[in-house]
Structures are given as C-alpha cells and as structure tokens.
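This report takes a single protein chain and reads it part by part, moving from the general make-up to particular residues. Please keep the structure in view while reading.

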Amino acid sequence: MIHVNKVLAQGHGLAAVLLKRAATVELDWDVRQKSRFDATDSQGRALGVFLPRGTVVRGGDVLVAEDGSLVRVIAAPQPVLVITQCAEHGSAFDLMRAAYHLGNRHVPIELKPDHLKIEPDHVLADMLRAMHLIVNEANAAFEPEGGAYGSGHGGHGGHGHDHGHDHDHGTHSHGHGHDHGAH
C-alpha cells in the first residue's frame with residue numbers, strides 16, 4: 001500500500017506535463033470529505049490516504065504519496081439533485097431563496113449561476129418543488145461549497161486568494177486587503 005499524506009490544491013505549482021502523466025483516482029463527495037480513506041488509483045495501486053483532520057479533497061487536487069508519486073483526484077459522478085428555476089415564471093431570486101433555505105438546514109450545496117446541486121433527499125426535493133423550482137435527478141460530480149469558515153479549499157475554485165478593496169466612508173476612503181480561504 002502506498003501512503004499519501006499531502007494534497008496540493010488543484011495541483012498548484014506543478015507543471016502541466018506532470019499533471020497529465022499522473023495516475024488518477026475517482027472519488028465521490030462522501031470519500032473526499034474524509035481525511036483518512038483507502039482507494040485504488042488508475043494504475044491499480046492501493047492507496048492509504050492519511051491527511052490532516054478536516055482536510056477536504058476537491059476534484060482537480062493532487063495527492064502526493066510518500067514515494068513522491070502524484071495522483072490527480074477526479075470528482076466521481078454520483079447521484080445528485082439538480083435544482084433550476086422555472087423557465088416561464090422563475091427568477092434568479094428563486095434559486096437564491098432555495099440556497100438560503102438549504103443552507104439554513106446545513107445541507108451541503110453546490111452553487112452555480114443557473115442551478116444548485118445537492119445530494120438526493122426526497123423531503124428537500126418536495127420542499128423545493130413546493131417553492132416552484134424544478135428538481136431533477138442526475139449522476140454528476142458534486143463539489144459543494146466549503147463554507148465561509150470551513151477548512152480546506154472552498155468556494156473560489158479551490159484556491160485561497162487575496163483581494164484588495166477600497167472602501168468609501170463618506171469623507172475619507174481607504175483600501176485594505178484580506179484573505180479568503182488560505183490553506
């Protein structure tokens with residue numbers, strides 16, 4: 001068994017040719033949110049993954065084994081519910097409202113500009129349909145938001161990054177920077 005104890009968010013810092021040559025492993029969301037799991041990569045090697053507690057692995061991340069080998073993670077297709085607005089009478093507000101209600105229930109949710117994705121749940125599906133949203137079953141990769149205070153990489157494509165902002169406070173303005181989701 002090959003031991004893995006490091007993850008590089010989205011293969012950050014690795015040359016494209018190394019990523020292309022790397023073995024792959026397909027993992028669903030249930031496994032990717034665990035810090036310890038076993039898997040088999042595309043080369044048939046048994047992997048024992050031991051990451052720091054609270055680490056979340058995203059599709060596109062690269063696992064680094066103790067022997068230096070790289071394994072690119074692919075978010076495996078899994079059953080999901082895809083929530084969209086009604087084309088005739090819906091608006092973006094309907095999806096925003098649904099995201100609020102799902103978040104209020106601490107449901108892992110993937111946010112996209114034109115749809116939401118959640119894990120299958122018939123009670124939530126009925127609630128969303130009652131809100132006049134369209135709910136369809138699909139088999140697709142699931143990458144829920146990491147949360148504003150969550151560990152690991154989250155809602156900005158898997159990378160922590162800095163922003164500098166200018167704020168106008170009436171008679172004076174100033175700029176400052178802050179960090180989102182640093183690793």
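Valine 107 sits in the loop between helix α3 and strand β8, which spans residues 109–111, and this is a place to begin in what is a predicted model. With a relative accessibility of 18%, valine 107 counts as buried, because the cut-off for that class is under 20%. When residues up to four places away in sequence are set aside, valine 107 touches Leu102, Ile118 and Leu124. Its C-alpha atom is separated by 8.4 Å from that of glutamate 119, although the two residues are 12 apart along the chain.

**The chain as a whole**

The secondary structure of the chain comes to four helices and 12 strands. Of the 183 residues in the chain, 36% are buried. If one takes the contacts between residues at least 6 apart in sequence, 62% of them join residues at least 24 apart.

**Two helices in contact**

Helix α3 covers residues 92–104 and helix α4 covers residues 122–130, and their axes come within 11 Å and cross at roughly 150°. Because angles over 145 degrees count as roughly antiparallel, α3 is described as roughly antiparallel to α4. The crossing of these two helices, α3 and α4, is right-handed. Which residues make the contact between α3 and α4? On the α3 side they are Ala98, His101 and Leu102, and these meet Leu124, Met127 and Leu128 in α4. Sorted by character, the residues of this contact divide into five nonpolar, one polar and no charged. Two names from this contact, Leu102 in α3 and Leu124 in α4, also appear among the residues that valine 107 touches.

Beyond helix α4, histidine 132 lies in the loop between α4 and β10. At 63% relative accessibility, histidine 132 counts as exposed. The C-alpha atoms of histidine 132 and aspartate 94 are separated by 8.2 Å, with their positions 38 residues apart along the chain.

**An aromatic pair**

The count of aromatic pairs comes to one. How are the rings of tryptophan 29 and phenylalanine 142 placed, with their planes stacked or edge-to-face? The ring centres of tryptophan 29 and phenylalanine 142 are 6.3 Å apart and the planes stand at 90°, so the pair is edge-to-face. This pair links distant parts of the chain, since tryptophan 29 belongs to helix α2 (residues 29–32), while phenylalanine 142 is in the loop between β10 (133–140) and β11 (161–169), 113 residues apart. The C-alpha atoms of tryptophan 29 and phenylalanine 142 are likewise separated by 6.3 Å. Both residues are buried, tryptophan 29 at 5% relative accessibility and phenylalanine 142 with a relative accessible area of 0%. Leaving out residues up to four places away in sequence, tryptophan 29 touches Val56, Arg58, Gln78, Pro108, Glu119, Phe142 and Pro144. Glu119, named here as a contact of tryptophan 29, is the glutamate whose C-alpha atom was compared above with that of valine 107.

**A serine after helix α2**

Serine 35 is placed in the loop between α2 and β3, the latter covering residues 36–40. At 8% relative accessibility, serine 35 counts as buried. Apart from its neighbours within four places in sequence, serine 35 is in contact with Val49, Phe50, Leu51, Pro52, Arg53, Gly54 and Thr55.

**Two residues with positive phi**

Most residues other than glycine have a negative phi. Against that background, two residues can be set side by side, each with a positive phi although neither is a glycine.

| Residue | Phi | Loop | Relative accessibility |
|---|---|---|---|
| Glutamine 10 | near 55° | between β1 (2–8) and α1 (16–21) | 26%, partly exposed |
| Histidine 106 | near 55° | between α3 and β8 | 71%, exposed |

Histidine 106 lies in the loop between α3 and β8, which is also the loop that holds valine 107. In that loop, then, histidine 106 is exposed at 71%, whereas valine 107 counts as buried at 18%.

Note on methods:
Residues are numbered from 1 along each chain as its sequence is written. This is a predicted model: local features need pLDDT of at least 70, side-chain atom pairs count only at pLDDT 80 or more; totals for chains, interfaces and linings use all residues. Side-chain values use heavy atoms; hydrogens and water are left out. Axes are lines fitted to C-alpha atoms, for helices over the stretch in contact, and angles run from 0 to 180 degrees between N-to-C directions. Angles under 35 degrees count as roughly parallel, over 145 as roughly antiparallel, 65 to 115 as roughly perpendicular and the rest as oblique. A crossing is left-handed if the near helix is turned anticlockwise from the far one by less than a right angle, and right-handed if clockwise. Contact means heavy atoms within 4.5 Å. Ala, Val, Leu, Ile, Met, Phe, Trp, Tyr, Cys and Pro count as nonpolar, Asp, Glu, Lys and Arg as charged, and the others, Gly among them, as polar. Buried means under 20% relative accessible area, exposed over 50%, partly exposed in between (1.4 Å probe, protein chains only). Rings of Phe, Tyr and Trp (its six-membered ring) pair if their centres lie within 6.5 Å; planes under 30 degrees apart count as stacked, over 60 as edge-to-face and the rest as tilted.
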